[in-house]
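Q: Please take a close look at one part of this structure for me. I would like to know what sits in its interior and what lies around it.

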Amino acid sequence: MNKLPRRPTNPIQWILIGGAALLLLLFFAIPRGPAGEEIEISRVAQLAASGEIRSIEVSGDDLIITTNTGGQLLSRKEPGTSVLEMLEAQGINAAASGIDVSVSAEGSSIGTIIFSFLPIVLFGGLIFFMMRRSQGGINQAMMLGRTKARQVSESPGVRFDDVAGADEAKQELMEVVEFLQNPEKFTKLGAKIPKGVLMVGPPGTGKTLISRAVAGEAGVPFFNTSGSEFVEMFVGVGASRVRDLFNKAKENAPAVIFIDEIDAIGRHRGSGIGGGHDEREQTLNQILVEMDGFEVNANVIVIAATNRPDILDPALIRPGRFDRRVLIDPPDVRGRKAILAVHMKGKPIEAELDVATIAKETVGFTGADLANVVNEAAIMAARRGKTTIGFSEFEEAVDRVVAGPVRKSRKVSEREKKLVAYHEAGHALVAAQIPDADPVHKVTIVARGTTGGYTRMLPDEERNLWSKGQFEAMLAVMMGGHAAEEVVFGDITTGASDDLEKATDVARKMVTEFGMSEDLGPRTFSSGHSQMFMGRDFSYGKNYSDAVAQKIDTEISRLLGSARAKAKSVIEANRDRLQRLADKLQIQETLQGGELQDLLTGGAEGSAQPAV
Ligand code: ADP
Ligand code: MG
Ligand code: ZN
């Protein structure tokens, strides 16, 4: 928001206050009225009669008499009578006797003048000041129309090297850099230079960073703004800001304009609930007009970022506008390793730190998450009074980013601790014993965020495709905690509710989205829930009959039931291992590495593999 000065500190005000003080001082310091001998009014008449008076100055009831010799005398007349009348009464005609009678304003002494003008001066000053203020207001209202785009006057220092992973995105944007640097190369061949690039990706994947790097690589200025900044209270402000932004960029061409969160304004028109949003539409239209209006060689490239390309107005992505689309996905394991390396640069990382393992265990982390992990690790090392950052700090940092800081304050009773230990041991054991499940990396009963403990698995490879067997293994692992509680305590707790919810979700997807149910066959079933509230894909009807709905429910239950049976059989066949694992967990709270592997698979009496 624009800020208004809250306490007036304007120089005009100080001048006014100072002036008033000075005037008051003068008022008291300057003697009132001219000096002169006071005489009776009757004496004035006598002097007039004897022709000794040259002039009489009347000021209210005060009289200043100037004699023929140049002397000054003071007197007072009766209130309500005039000097001329008074002289007339004495038989003296002022004009005939050569006496000038002049009437001046009452209280004509300097002090009185100042005194009488003081309020006017102050009042005038006040009005003047208020006008200045309101003019300021007008100026500010006009400033609203100016874009708030923060121009990086020189090109930003970020280079493609600072962006790790995202190789395909960089490749595509390399071309844009070349357009900016050497447009003739393309225009000579009659090629049209692209005007707009749409960066699509989830938050934190580096859309802003890579856009900055485009400007940095090309060595051109970067104008950074956000879609939400255009949406103001006043209709028309957004449009004029757009105009201003594009003008600034054109003046500084070649340049990059970056519009973050373009979906805030570029939403499919006429799709909002309760009719269109005038302001948004006008702003969007203005962007389209500006982009269409670029001369062929304007050499300004607009990069817009969004994580919701599906709700964008088709007019935006038409050829000649944001027709280039660059997808940025969360990084894969190689990308994560590279991003970690970028952020570790310049930090005192211990030499033997295994970056690959950290990259492996951070599935689904975005670049921003990873930057956060490195930072948390550094903070952790500082807090521990270390001078270098090691693996244990990174482990803690990953845990923090995933589940929040350790909850030290929560008191856990011995019984609860035991329960959590068996629950987590159950997950870990099932994961270790089922071939299709990912290997277990870490088990802990340290409470974080809302979880009482967790079991983290480490996929051997990055997965884009999941088999039915892998899903079934996943379901069994999810059921492991629940099953362990039941086998050991003969009872179950609310601790498993989160697992059940996730498992149900997976099972439903297997049946309705992935066609993994033999009973229902290879087809999808849309749920009938509204998919997207404000966007385009407003709502679907349920596309199957009630009979099918019942079948789906049955199938989900069957999948969950068999997953639990599998989990239970693993637990029952490995009671000893479960026991040892849970005991150790209660003592050490966290288990990982070789120690954990030994407990999970190593020498046990009940090592008979259950028939799974
Ligand atoms: P987005 O705009 O997609 O939400 P940002 O560009 O704002 O994401 O990324 C936030 C931060 O995350 C960046 O400033 C950077 O520190 C880090 N980051 C994200 N992606 C990468 C990457 N590919 N390489 C290095 N750092 C990254
Ligand atoms: Mg961003
Ligand atoms: Zn669980």
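A: The largest nonpolar core has 49 residues. Val430, Leu475, Ile552 and Leu581 have the most contacts inside it. This is a predicted model, and the picture below is read from it.

Several elements build this core. Helix 15 (414-433), strand 12 (440-444), helix 16 (468-489) and helix 17 (497-512) are among those that each supply at least two residues. Helix 18 (546-573), helix 19 (575-588) and helix 20 (593-601) each do so too. Helix 16 gives the largest share, ten residues.

Take valine 430 as a way in. Beyond its neighbours within four places in sequence, valine 430 is in contact with Ala476, Val477 and Gly480. Its other contacts of this kind are Ala567, Val570 and Ile571. A second, separate core has 27 residues, including Val163, Leu173, Ile210 and Ile303.

Now turn to the metal. Helix 15 also holds histidine 423 and histidine 427, four residues apart, or about one turn of the helix. Both are donors to the zinc ion (ligand 3), each through NE2. Asp499 joins them through OD, and these protein donors lie 2.0 to 2.1 Å from the ion. Along the chain, the donors follow the spacing H-x3-H-x71-D.

Are these two histidines buried or exposed? Buried means under 20% relative accessible area. Histidine 423 has a value of 6%, so it is buried. Histidine 427 has 7%, so it counts as buried too.

Threonine 455 brings another element into view. This residue is found in strand 13 (residues 454-457). Its relative accessible area is 17%, so threonine 455 is buried as well. Its side chain makes a polar contact of 2.8 Å with the side chain of glutamate 424. Leaving aside neighbours within four places in sequence, threonine 455 is in contact with Glu424, His427 and Ala428. Val440, Lys442 and Val443 are also in contact with it. One of these contacts, His427, is a zinc donor.

Last come the aromatic rings. The count comes to five aromatic pairs. In one of them, phenylalanine 179 and phenylalanine 186 have ring centres 4.2 Å apart and planes at 55°, so the pair is tilted. Phenylalanine 179 is buried at 4% relative accessibility. Phenylalanine 186 is buried at 17%. Phenylalanine 222 and phenylalanine 258 form a stacked pair, 5.8 Å centre to centre with 20° between the planes. Both of these residues are buried. Ring pairs also link Trp466, Phe471 and Phe514 into a cluster.

Conventions:
Residues are numbered from 1 along each chain as its sequence is written. Chains are lettered from A and ligands numbered from 1 in the order in which they are written. This is a predicted model: local features need pLDDT of at least 70, side-chain atom pairs count only at pLDDT 80 or more; totals for chains, interfaces and linings use all residues. Side-chain values use heavy atoms; hydrogens and water are left out. Buried means under 20% relative accessible area, exposed over 50%, partly exposed in between (1.4 Å probe, protein chains only). A polar contact is a pair of N or O atoms within 3.5 Å; within protein, one must be able to donate a hydrogen and the other to accept it, and residues adjacent in sequence count only if both atoms are side-chain atoms. Contact means heavy atoms within 4.5 Å. A nonpolar core is a set of buried Ala, Val, Leu, Ile, Met, Phe, Trp, Tyr and Cys residues joined through side-chain atoms within 4.5 Å. Donors are N, O and S atoms within 2.8 Å of the metal (3.2 Å for Na, K and Ca); water is not among the atoms, so sites may look incomplete. Rings of Phe, Tyr and Trp (its six-membered ring) pair if their centres lie within 6.5 Å; planes under 30 degrees apart count as stacked, over 60 as edge-to-face and the rest as tilted.
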